[in-house]
Amino acid sequence: GMGRGVRTDLVPRPPAGFSLVELVISLAILSVGLVGAMRVFPMGLRVSQRAELNSRAILVGQRLLESRKLDAWEDLILGESTVEEPPFTATLRISHPAAEHVEDATRLKQLAVTVAWQQEGGARQVVLVTHVVRPSGT
């Protein structure tokens, strides 16, 4: 006689792949996540751009100060000078520090660099200050 084999068409098969409903739901979840991430992203980008320009401005100022500190005392003429280094404008101001606690302010020169730039419609700047002492015997 016939063997009493199990009829395979009654055994539930695992569903092959995604059904359309599952696909639509998963796409909806994914798009909500992406929109959320994209909203955060430009803000993070702006913050990192701001930080990068800030760091670059400090480097521009430091480079200018270091190069002028190598100059002879007589060449450090009191007054202001401006250097354009797009997107930055660096203004160097050389003066005698107005310090009461310095016994002889004329032996000191103050070098102050202001590095300014425009970002996001606003003006930004960093200021670096250093002092140079007149070599003794001059």
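Strands β3 and β4 form a hairpin with two residues between them, and Glu-120 in the turn has a positive phi of about 55°. The model in which this hairpin is seen is a predicted one. In general, most residues other than glycine have a negative phi. Glu-120 departs from that pattern, since its phi, near 55°, is a positive value in a residue other than glycine. The two strands of the hairpin pair in the antiparallel sense over 12 bridges. Beside the turn, Gln-119 stands opposite Gly-122 in β4. Elsewhere in the ladder, Val-115 has Val-126 of β4 as its bridge partner.

The hairpin belongs to an open sheet of four strands, arranged in the order β1-β2-β3-β4 with antiparallel pairing. Its edge strands are β1, residues 79–85, and β4, residues 122–133, each of which pairs on one side only. From one strand to the next, the twist averages 15°. As a general matter, strands of a sheet pair through backbone hydrogen bonds, either parallel or antiparallel.

The remaining pairings can be followed from β3 back towards β1. Strands β2 and β3 run antiparallel and are joined by seven bridges. Within this pairing, the bridge partner of Ser-95 is Gln-110 in β3. Strand β2, residues 88–95, in turn pairs with β1 over seven bridges, again in the antiparallel sense. Here Gly-79 stands opposite Ile-94 in β2.

The connection between β1 and β2 has a backbone feature of its own. Pro-86 and Pro-87 are joined by a cis peptide bond, with omega at about 5°. Pro-87 is found in the loop between these two strands. For context, most peptide bonds are trans.

Side chains add a further contact between strands. A search of the whole structure finds one aromatic pair. The ring centres of Phe-88 and Trp-117 lie 5.5 Å apart and their planes stand at 80°; the pair is therefore edge-to-face. The cut-off behind this assignment is a plane angle over 60 degrees. This pair links distant parts of the chain, with Phe-88 in strand β2 and Trp-117 in strand β3, 29 residues apart.

The sheet is accompanied by helix α1, which spans residues 20–69. This helix lies across β1, β2, β3 and β4, and runs at about 150° to β3, itself formed by residues 108–119.

What joins Arg-50 to Glu-120? The two residues form a salt bridge, in which the closest N and O atoms are 3.0 Å apart. It links distant parts of the chain: Arg-50 is in helix α1, whereas Glu-120 is in the loop between β3 and β4, 70 residues away. The residue with the positive phi in the hairpin turn is thus also a salt-bridge partner of the helix residue Arg-50. A search of the whole structure finds six salt bridges.

A final feature concerns the surface. A nonpolar patch of about 880 Å² is made there by Phe-18, Leu-20, Leu-23, Val-24, Leu-27, Leu-30, Leu-34 and Met-38. One of these residues, Leu-27, is found in helix α1.

How values were computed: Residues are numbered from 1 along each chain as its sequence is written. Side-chain values use heavy atoms; hydrogens and water are left out. Two strands pair if DSSP finds at least two bridges between them. Axes are lines fitted to C-alpha atoms, for helices over the stretch in contact, and angles run from 0 to 180 degrees between N-to-C directions. Contact means heavy atoms within 4.5 Å. Patches are made of residues with over 30% relative accessible area and no salt bridge: like charges are joined within 9 Å, nonpolar side chains (Val, Leu, Ile, Met, Phe, Trp, Tyr) within 5 Å. Accessible areas come from the Shrake-Rupley method with a 1.4 Å probe; for residues, only the protein chains shown count as cover. A salt bridge is a side-chain nitrogen of Lys or Arg within 4 Å of a carboxyl oxygen of Asp or Glu. Rings of Phe, Tyr and Trp (its six-membered ring) pair if their centres lie within 6.5 Å; planes under 30 degrees apart count as stacked, over 60 as edge-to-face and the rest as tilted.
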